[in-house]
There are 4 protein chains.
Amino acid sequence: MSEDEREPTVRDVSDWWSTSVSRIEPNVIELRGRPVQDLIGSATFAGVIWLMLRGEAPTPGQERLLEAALVSSVDHGPHAPSIAVARMAATCGIGLNNAVATGVNLLGDVHGGAGEQCMALLAEVHAGDAETVVAAWRARSKYLPGFGHRFHTIDPRRDPLLGLVERAVSDGVVRGDHLRAAQAVERVLAADRTRGVPINIDGCTAVVYAELGFPPPLARGLFVLSRSVGILAHAWEETGQGRRNKGPMPPSILPTYTGNP
Amino acid sequence: MSEDEREPTVRDVSDWWSTSVSRIEPNVIELRGRPVQDLIGSATFAGVIWLMLRGEAPTPGQERLLEAALVSSVDHGPHAPSIAVARMAATCGIGLNNAVATGVNLLGDVHGGAGEQCMALLAEVHAGDAETVVAAWRARSKYLPGFGHRFHTIDPRRDPLLGLVERAVSDGVVRGDHLRAAQAVERVLAADRTRGVPINIDGCTAVVYAELGFPPPLARGLFVLSRSVGILAHAWEETGQGRRNKGPMPPSILPTYTGNP
Amino acid sequence: MSEDEREPTVRDVSDWWSTSVSRIEPNVIELRGRPVQDLIGSATFAGVIWLMLRGEAPTPGQERLLEAALVSSVDHGPHAPSIAVARMAATCGIGLNNAVATGVNLLGDVHGGAGEQCMALLAEVHAGDAETVVAAWRARSKYLPGFGHRFHTIDPRRDPLLGLVERAVSDGVVRGDHLRAAQAVERVLAADRTRGVPINIDGCTAVVYAELGFPPPLARGLFVLSRSVGILAHAWEETGQGRRNKGPMPPSILPTYTGNP
Amino acid sequence: MSEDEREPTVRDVSDWWSTSVSRIEPNVIELRGRPVQDLIGSATFAGVIWLMLRGEAPTPGQERLLEAALVSSVDHGPHAPSIAVARMAATCGIGLNNAVATGVNLLGDVHGGAGEQCMALLAEVHAGDAETVVAAWRARSKYLPGFGHRFHTIDPRRDPLLGLVERAVSDGVVRGDHLRAAQAVERVLAADRTRGVPINIDGCTAVVYAELGFPPPLARGLFVLSRSVGILAHAWEETGQGRRNKGPMPPSILPTYTGNP
């Protein structure tokens, strides 16, 4: 700190915590400039998610697409690490909020980041040539974010989600650039292998979020909100089963020891 | 482990992770018995939250009340520790999901548990006498969960939320027992002091969740889903401001040292 | 806020963050009043843990006991939920610190709180009669914190830890009240069953921490520091194995579905 | 899954959780092949940290350096986001372990990753030319990991830590390659500016950990273990102050609202 640094003031502290998200004063709560009492009873939860992240309310068509994407990702069972750890956490004597936080903490670059990465891929394809872009991504990693699944050959969420985007293009709600980019990638991948590598749920939601104009990092953010529902439902179910300190397998099964004797 | 313990089988491992929340098999995703493809495009996000936690879909009237409660709690500004820590986390080089998890982790008994505790209070009042119950709770703690606020004398969310519950009682959606219990507590508190101690947001949402039949711990669970929206919006805003390792105050302000010289 | 509330000052903010733990000013770092440069190279890590939590440095005898307790709890393999979730977290594309935090988050009342609860039990036994106290605790819960293990009939850490406490009693380092209380509980439990319920690791470390004068909640705090080592070692090993999104069991094993068809 | 995939066996589940870190069987606890009872009372906590991460015990000289590095990073006051969030967490009604986890979760690429990044820098400098390497890193980012501090012009931990490394070089404990690389970077930076940009604590510990042969990600891992001590001490102090829902500033100071009116 230089010696001429001025004495800090309260204003500095207020500014340090400045925000445009909400205005909270005694008896006043405004979300993005809207009094909360005007939203309660009229706005949907999905609509308020849009409002909070974008700064203004969605149109009905935009809201419908967002609802569909949020609905599609809520759960993928206890195989998903985020779900499994939340169930284990719920047996360890911590709050339900701590169990949910434990699950959300795992939605990182690998578990929760594919949508974000796929949005970057789609933007490149939109701006260039699908075959070239796919080849470049493939050279960097064997995983192409948003395409292929170790479990589903055809993800049951694909057709309804992409169908909704197609209808939204017809209705003029979105332009369809990213939908077409995703379809172009699918065609490149289908030519590449005997069995295609279809777009997966991360790819489908990436199309929706890109069409709706969300910046890529919010694909992960929205996935967090969606998957939190499944994490909560599983943690809550586990709570009711009364186990204590649930490990990954029954206590009678021992891990294989691979170290020095 | 006793020596006669039978050899564990794969079935044990499958059972160890048994669940009634979802069925995930190759090309099959069912949430509470419903194929996910039947929900995408028809169910709302709030409706699926209900489905996942309760096992069946809500009626339109139930869903409307749930939407309102979820909307009402999304944010209370950077004064709330959950919001502040998520903003700080977002400047430390961790994922957006980790920043949200950090915020959610703080929604414990004190920050996120008032609704759960208030539901217990309302159940007691419903089963007994408001004055006696309030006196007993007051004897245990000076905080009465769901009533009073250090900031708002009249919480702007009170009237719209309770108004929706009243309408739902008229429409036969809910019975109104917990609404009347909350009003009885308000009357006891009003008689008790020169200025009343009105029901706060935790109390209002506790009324909603109790009327809708949610078990008390899910009041915290639903608050987690709601507040996650504000946590995400604030963490995302902070990301855009480019600070690194944001502390609670500008670096030029030093904490007071109270220890040995 | 009342209208006459005075304008907040910077002093308030400094005071809001006041601490006696450390003094940090430009070119000054003091831990509990000691310049950090005087500790580097002379104090042990365990000694500084004591200093930071207690405000002054330990005697050599105290430090030796603390080292032993910290050493004893570092790991209990992947069956422990804290270890398993950290390993899963390490495969999800989050930082090593996030993986450790995920594990630590699970060391709650059930997984990490037994030592804290056992210290309360030992204090009661010390002040009263072992048989009566044990009966009272048993009436409240079938688990007696610090005694019995679902896995070990004789915990290999018991004898060396209690032996060190006994030697410290002989050397006048500690008084032995809590050691005797634990032994009294063991005798009560031995009389109670055909096979005894010996003190477990949480009980042994509770004896150490109680003898050393730590308040009960720090039994959990010290366990957190100790187990963090195992959590880190396991998360780091998992990182080297290259799995992605590791679930609790191989992908080919499906959870049993117990819900509606 | 291909159709010919063989039926999974229990062995698969055991293998899925295989580890070389520890062997835990009924009445057996071995850490890296050593019975835990042989470590209790003879190994130091720092020595066991080394054992768990490296697979074998350190020499006394190695252990002394590790102790010094672990001691040096335990705390940097409430300005550090990791400390501040843990203090706030401790007022929200969650466990002490959850408060520590909250702090550790923030030790990410920016807050806890500088040591890891500095080790990569030092390796490059060791293999090449300091001036060229520094120029290349500077071209990518204005922050050079491990050098400079927004607070300290001379970090009081620098001289004692580097002095210990120098002595360890003399004693043949370590080679000194990374110490010389760090000194070369300091010389380049000193020539570059009127006031030098001295090595900071992350740089000093990076030198220690690199000299000791730790892989770069463990610089962050070891920092996590060290800073957990300060996080715990601060969370515990805050617990004793009795605040509830502590925000980043007193409730009377309002954040500046910068959004739409």
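The dialogue below works through two chain interfaces and one loop residue in a predicted model.

Biologist: When I open the contact between chain B and chain A, how many residues does each chain bring to it?

Modeller: A residue count is a reasonable place to begin, and here the contact draws 93 residues from chain B and 93 residues from chain A. The area comes next: about 7800 Å² is buried between chain B and chain A, with carbon and sulfur atoms giving 73% of that area. Within the share that chain B buries against chain A, Trp16(B), Trp17(B) and Phe45(B) supply 12%, which is more than any other three residues.

Biologist: Which element of chain B gives the most to the side that touches chain A, and how do the residues of that side divide by character?

Modeller: Helix 12 of chain B, residues 217-239, gives the most to that side, with 16 residues. By character, the side of chain B that touches chain A divides into 54 nonpolar, 26 polar and 13 charged residues.

Biologist: With charged residues present on that side, how many salt bridges and how many polar contacts are counted between chain B and chain A?

Modeller: The two counts should be read separately, since a salt bridge is defined by a side-chain nitrogen of Lys or Arg within 4 Å of a carboxyl oxygen of Asp or Glu. Between chain B and chain A the count of salt bridges is zero, whereas 34 residue pairs are in polar contact, both residues being at pLDDT 80 or more.

Biologist: What turn and what shift lay chain B on chain A?

Modeller: The way to read such a relation is to take the turn, the shift and the RMSD together. A turn of 180 degrees, with a shift of 0.0 Å along the axis, lays chain B on chain A with an RMSD of 0.0 Å, and that is the relation of a two-fold axis. The C-alpha of chain B nearest this axis belongs to Ala101(B), 2.2 Å from it. The same surface serves both copies, as 100% of the contact residues of chain B recur in chain A.

Biologist: If I turn to chain C and chain B, how many residues are in contact there, and what area is buried?

Modeller: The same reading applies: 30 residues of chain C are in contact with 30 residues of chain B, and about 2500 Å² is buried between them, of which carbon and sulfur atoms give 60%. Trp17(C), Thr256(C) and Tyr257(C) supply 22% of the area that chain C buries against chain B, more than any other three residues. There are zero salt bridges across this interface, while 13 residue pairs are in polar contact, both at pLDDT 80 or more.

Biologist: Which elements of chain C give two or more residues to that side?

Modeller: They are helix 1 (10-16), strand 1 (22-25) and helix 6 (96-105) of chain C, and helix 1 gives the most, with five residues. The residues on this side of chain C divide into 12 nonpolar, 13 polar and five charged.

Biologist: Why can one say that chain C and chain B meet through the same surface?

Modeller: One compares the interface residues of the two copies: 100% of those in chain C are also interface residues in chain B, so the copies meet through the same surface. Chain C, moreover, can be laid on chain B by a turn of 180 degrees and a shift of 0.0 Å along the axis, with an RMSD of 0.0 Å.

Biologist: Finally, where does Gly213(D) lie, and is Gly213(D) buried, partly exposed or exposed?

Modeller: Gly213(D) lies in the loop between helix 11 (201-211) and helix 12 (217-239) of chain D. Its relative accessible area is 42%, and Gly213(D) is therefore partly exposed, because that class runs between the 20% limit for buried and the 50% limit for exposed. Gly148(D) is 65 residues apart from Gly213(D) along the chain, and their C-alpha atoms are separated by 24 Å.

Definitions and conventions: Residues are numbered from 1 along each chain as its sequence is written. Chains are lettered from A and ligands numbered from 1 in the order in which they are written. This is a predicted model: local features need pLDDT of at least 70, side-chain atom pairs count only at pLDDT 80 or more; totals for chains, interfaces and linings use all residues. Side-chain values use heavy atoms; hydrogens and water are left out. Contact means heavy atoms within 4.5 Å. Buried area is the accessible area (1.4 Å probe) that two parts lose on being put together, summed over both. A polar contact is a pair of N or O atoms within 3.5 Å; within protein, one must be able to donate a hydrogen and the other to accept it, and residues adjacent in sequence count only if both atoms are side-chain atoms. Helices (H or I, at least four residues) and strands (E, at least two) are DSSP runs, numbered from the N terminus. Ala, Val, Leu, Ile, Met, Phe, Trp, Tyr, Cys and Pro count as nonpolar, Asp, Glu, Lys and Arg as charged, and the others, Gly among them, as polar. Copies are superposed by least squares on the C-alpha atoms of residues with pLDDT of at least 70 in both. Buried means under 20% relative accessible area, exposed over 50%, partly exposed in between (1.4 Å probe, protein chains only).
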